[in-house]
Number of protein chains: 2
Amino acid sequence: MAEINHQVGIKTSPEKIYALLTTDSGLAQWWTNDISGAGDVGSIIEFRFNGGGPDFLVTKLMPNKRVEWQHSGVMPEAWIGTEIKFELTVQDQQTFVRFTHTNWKEPSDFMAHCSTKWAVFLLSLKEALETGTGKPFPNDIHIDHS
Amino acid sequence: MAEINHQVGIKTSPEKIYALLTTDSGLAQWWTNDISGAGDVGSIIEFRFNGGGPDFLVTKLMPNKRVEWQHSGVMPEAWIGTEIKFELTVQDQQTFVRFTHTNWKEPSDFMAHCSTKWAVFLLSLKEALETGTGKPFPNDIHIDHS
């Protein structure tokens, strides 16, 4: 099994980060502007990019500390069976977001692409909270010309 | 063992990317402005950030296709034994850079930090080639407030 790991430190409270990980309006500030379904454990969040995109089942919520999702549905195919975790830890003047996207079958080129893209979106989350303006799709930073 | 994977697509030739991976002046355009020692297989490149930083032994060079380094020296400690590979592949109007930093003992928070930071530097490499201006240290994008 392969996995993606990232960490960013954001100058804000865990409460404010948690809101951007657990609500449609919050998620729309940094990942994609087309989101619906965010809610309690058991809800399925639909993230859309030009109409298509992944669904995630919310599997664990520890307020201001931890958010876990399990991939649901059939696309992208390589994401089937994968899980995403966000862990929040306060340290001095910042809150660290420790991100993992685990359970990939193999470290494919597509996984490598997603790894770089996750870094871009986590920096978008950081910007959204520190400057008020993130870069969610379709205003995200492009990492290739495909 | 744990590893970091990334991929970016750059609108340039593999020759131009290869030059930025194998010369002091090229590496200084995107990773850190303080670099010495880049050369043929067997040379040791010293990357410095405010005086300290890692050394890498150049272990494999396939012109315009592949660059491999093995960590050398004692810092950072978690990098001891790790290896870095850049593989270049042309596809249509772009060249993909497939990056791996392998052989980590564990997927620690520090590895997660480095994963995000590598994404930042690979985007700096992309910018250096596409716009003429990368963001090498000390002008790199900060991913935390440490």
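**Reading the labels on a predicted model**

Modeller: Let's start with Pro138(A), which sits in the segment after H3 of chain A. Bear in mind that this is a predicted model.

Biologist: Fine. What kind of peptide bond joins Phe137(A) and Pro138(A)?

Modeller: A cis one, with omega at about 10°. Another cis bond links Met75(A) to Pro76(A), where omega is about -10°. Pro76(A) belongs to the loop between strand E5 (66–72) and E6 of chain A.

Biologist: And what makes such bonds worth pointing out?

Modeller: Most peptide bonds are trans.

Biologist: On to the helices. Why is H1(A) called oblique to H3(A)?

Modeller: The axes of helix H1 (residues 14–22) and helix H3 (residues 109–131) of chain A cross at roughly 125° and come within 11 Å. Roughly perpendicular covers 65 to 115 degrees and roughly antiparallel needs over 145, so H1(A) ends up oblique to H3(A). The crossing is right-handed.

Biologist: Which residues of H1(A) and H3(A) meet there?

Modeller: From H1(A) come Lys16(A), Ile17(A), Leu20(A) and Leu21(A), and from H3(A) come Leu125(A), Ala128(A) and Leu129(A). Sorted by class, that contact has 6 nonpolar residues, 1 charged and no polar ones.

Biologist: Now Glu87(A), in strand E6 (residues 83–91) of chain A. Why is Glu87(A) called partly exposed?

Modeller: Its relative accessible area is 28%. Buried would need under 20% and exposed over 50%, so at 28% Glu87(A) counts as partly exposed.

Biologist: How do you know that the side chains of Glu87(A) and Arg66(A) make a polar contact?

Modeller: They come to 3.0 Å, and the cut-off for such a pair is within 3.5 Å. Leaving aside neighbours within four places in sequence, Glu87(A) is also in contact with Lys65(A), Phe96(A), Val97(A) and Arg98(A). Val74(A) is 13 residues from Glu87(A) in sequence, and their C-alpha atoms are 26 Å apart.

Biologist: Over to chain B. What is notable about the phi of Asn64(B)?

Modeller: Asn64(B) has a positive phi, about 65°, without being a glycine. Asp92(B), another non-glycine, has a positive phi near 55°. Most residues other than glycine have a negative phi. Asn64(B) is in the loop between strand E4 (55–62) and strand E5 (66–72) of chain B, while Asp92(B) is in the loop between strand E6 (83–91) and strand E7 (94–104) of chain B.

Biologist: Why is Asp92(B) called exposed, and why is Asn64(B) called partly exposed?

Modeller: Asp92(B) has 70% relative accessibility, and exposed means over 50%, so Asp92(B) is exposed. Asn64(B) has 24%, and buried means under 20%, so Asn64(B) counts as partly exposed.

Technical notes
Residues numbered from 1 in each chain as written. Chains lettered and ligands numbered in written order. Predicted model: local features only at pLDDT ≥ 70, side-chain atom pairs only at ≥ 80, totals over all residues. Heavy atoms only, no water. Helix = DSSP H or I, 4+ residues; strand = E, 2+ residues; numbered from the N terminus. Buried < 20%, exposed > 50% of the residue type's maximum accessible area, 1.4 Å probe, protein only. Contact = heavy atoms within 4.5 Å. Polar contact = N/O pair within 3.5 Å; in protein donor to acceptor, adjacent residues only side chain to side chain. Axes fitted to C-alpha atoms, helices over the stretch in contact; angles between N-to-C directions. Parallel < 35°, antiparallel > 145°, perpendicular 65-115°, else oblique. Left-handed = near helix turned anticlockwise from the far one by under 90°. Nonpolar A, V, L, I, M, F, W, Y, C, P; charged D, E, K, R; others polar.
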